[in-house]
Amino acid sequence: LFDGIYPFYLQQRKVCVFDVSTIIVIVVFLTLTCSFLLIIPGIRGRARLYWTLRVLLSLIVGVVIVAVQFTGDWETGWVTANTSYKSFSRALVNADIGLHVGLAGVNVTLTGNPVNQVNETINYNEHFAWSFNEDYDHSYGEGLEKGLPSPILYVAEKFTTQSPCGMHRQYRISGHYASATLWVAFCTWLVSNMLFSMPVLVYGGYMLLVTGAFVIFSLLSFSTVRNSLVCPIQFGTTILRKGYGGSFWLTLATGLLCFVAGITVVTLHHFNLDLLKAFFDLREDKAEELQEMTEVYINPHFVNKEL
């Protein structure tokens, strides 16, 4: 005990949405983008614009599919309430309590209004992992030993395996299958880029449709948590209500983008192949090949011999 109470953190906690893995993914894709921008001046004519659109759209799809695996805002909820701050204490604080659910765990935030209350700085953010190589109950037990504020422990307890809410198993399984489906979508995205570069345009369009389908499947997998009974997270008379977060809507937009791009490629292949080849910078190459085939070179020696 510290001055008769459990010890509390004095330092800032990590942010809830971004972590090191997300930053690494973004840096890798930004490096690829910058590398492409360095070589884009060497492409002449209208093909420069087409190359830029194709590469940037493809990189956006790839970075979203990978980055949302590590974000923590697939489902979010906030509430402002007067609540107890410490165990075995009657002191009440006014604070914002936030819940951020990701595919691999949950973040619980606590920010005081104002931050400095009861002679302490109330600004906490705790992560509790439930991926298959992590033990959520162990993380929760460590939080108890550290003496985390009561609101954080109350919210985190709802997701333990021993909780009668049963939210742990539902979120853990749905998050696992959503993550696995997104990795499959990433593989099909790689295959589509290979097919576009071979080039086999129509099959690249089909693989884009498959990519969009797997992205949508991941959203459906995560949405299954809505089918379970909702366990209320209540602070006095105020209830913390959850809703889909930014990562969910960003993933949905990416899946729809894949569908639109795939349908466009397949449609142009069947109805306007020349426009599709022009967009993929193939029409000029074909014209050059035909031009080379029409040129005839005659050896003057054999011509004089025949004459």
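**Exercise 1. N82 and its strand**

Determine whether N82 is buried or exposed, and find what it touches.

Solution. N82 is exposed, because its relative accessible area is 57% and the scale runs as follows: buried is under 20% relative accessible area, exposed is over 50%, and partly exposed lies in between, with a 1.4 Å probe and protein chains only as cover. The model is a predicted one, in which local features need pLDDT of at least 70 and side-chain atom pairs count only at pLDDT 80 or more, whereas totals for chains, interfaces and linings use all residues. Residues are numbered from 1 along each chain as its sequence is written, and side-chain values use heavy atoms, with hydrogens and water left out.

Next, place N82 in strand 1, which covers residues 75–84; strands (E, at least two residues) and helices (H or I, at least four) are DSSP runs numbered from the N terminus. Once neighbours within four places in sequence are set aside, N82 is in contact with V93 and N94, where contact means heavy atoms within 4.5 Å. Finally, the C-alpha atoms of N82 and A95 are separated by 6.6 Å, although these residues are 13 apart along the chain.

**Exercise 2. The chain as a whole**

State how many helices and strands the chain has, and describe its burial and its surface.

Solution. The chain has 10 helices and six strands, and 42% of its 307 residues count as buried. Its accessible surface, obtained by the Shrake-Rupley method with a 1.4 Å probe, comes to about 17,600 Å², and carbon and sulfur atoms hold 63% of that area. As for connectivity, among contacts with a separation of 6 or more, 68% join residues 24 or more positions apart.

**Exercise 3. The nonpolar cores**

Identify which residues touch the most other members of the largest nonpolar core, and which helix gives the most to it.

Solution. Begin with the term: a nonpolar core is a set of buried Ala, Val, Leu, Ile, Met, Phe, Trp, Tyr and Cys residues joined through side-chain atoms within 4.5 Å. The largest such core has 59 residues, and L99 and F159 are the ones that touch the most other members. Helix 2 (residues 47–67) gives the most to this core, with nine residues. For L99, the contacts beyond four places in sequence include V106, V108, V155, F159, I233 and L240, as well as E75, N107 and K242. A second, separate core has six residues, among them L201, V265, L276 and F280. As a general background, nonpolar side chains tend to be buried together in soluble globular proteins.

**Exercise 4. The largest pocket**

Find which residues are closest to the centre of the largest pocket, and sort its lining by class.

Solution. On a 1 Å grid over the protein atoms alone, where a 1.4 Å probe fits, a pocket is an open set of points with protein on both sides within 12 Å along at least five of seven lines, and lining residues have an atom within 4 Å of a point. The largest pocket has a volume of about 740 Å³, a volume being the space filled by probe spheres set on the points, which are joined across faces, edges and corners. Of its 28 lining residues, R54, V55, F196, F279 and F280 are the closest to the centre. Two or more lining residues come from each of helix 2, helix 5, helix 6 (201–223), helix 7 (246–271) and helix 8 (273–279). By class, the lining has 20 nonpolar, five polar and three charged residues; here Ala, Val, Leu, Ile, Met, Phe, Trp, Tyr, Cys and Pro count as nonpolar, Asp, Glu, Lys and Arg as charged, and the others, Gly among them, as polar.

**Exercise 5. Helix 4 and the loop before it**

Establish what covers the buried residues of helix 4, and describe G147.

Solution. Helix 4 is mostly covered, with six of its eight residues buried, and these are S150, P151, I152, L153, V155 and A156. Their cover includes strand 1, strand 2 (92–101), strand 3 (105–117), strand 4 (120–129), helix 3 and strand 5 (233–235). G147 lies in the loop between helix 3 (136–146) and helix 4 (150–157), and it counts as buried because its relative accessibility is 7%. G147 and K86 are 61 residues apart in sequence, yet their C-alpha atoms are 8.4 Å apart in space.

**Exercise 6. Backbone geometry around strand 3**

Locate the cis peptide bond, and give phi for V118 and N119.

Solution. The cis bond joins N113 and P114, with omega about 0°, and P114 lies in strand 3. V118, although not a glycine, has a positive phi of about 45°, and phi of N119 is near 60°. V118 lies in the loop between strand 3 and strand 4, as does N119. V118 is partly exposed, at 36% relative accessible area, whereas N119 is exposed, at 83%.
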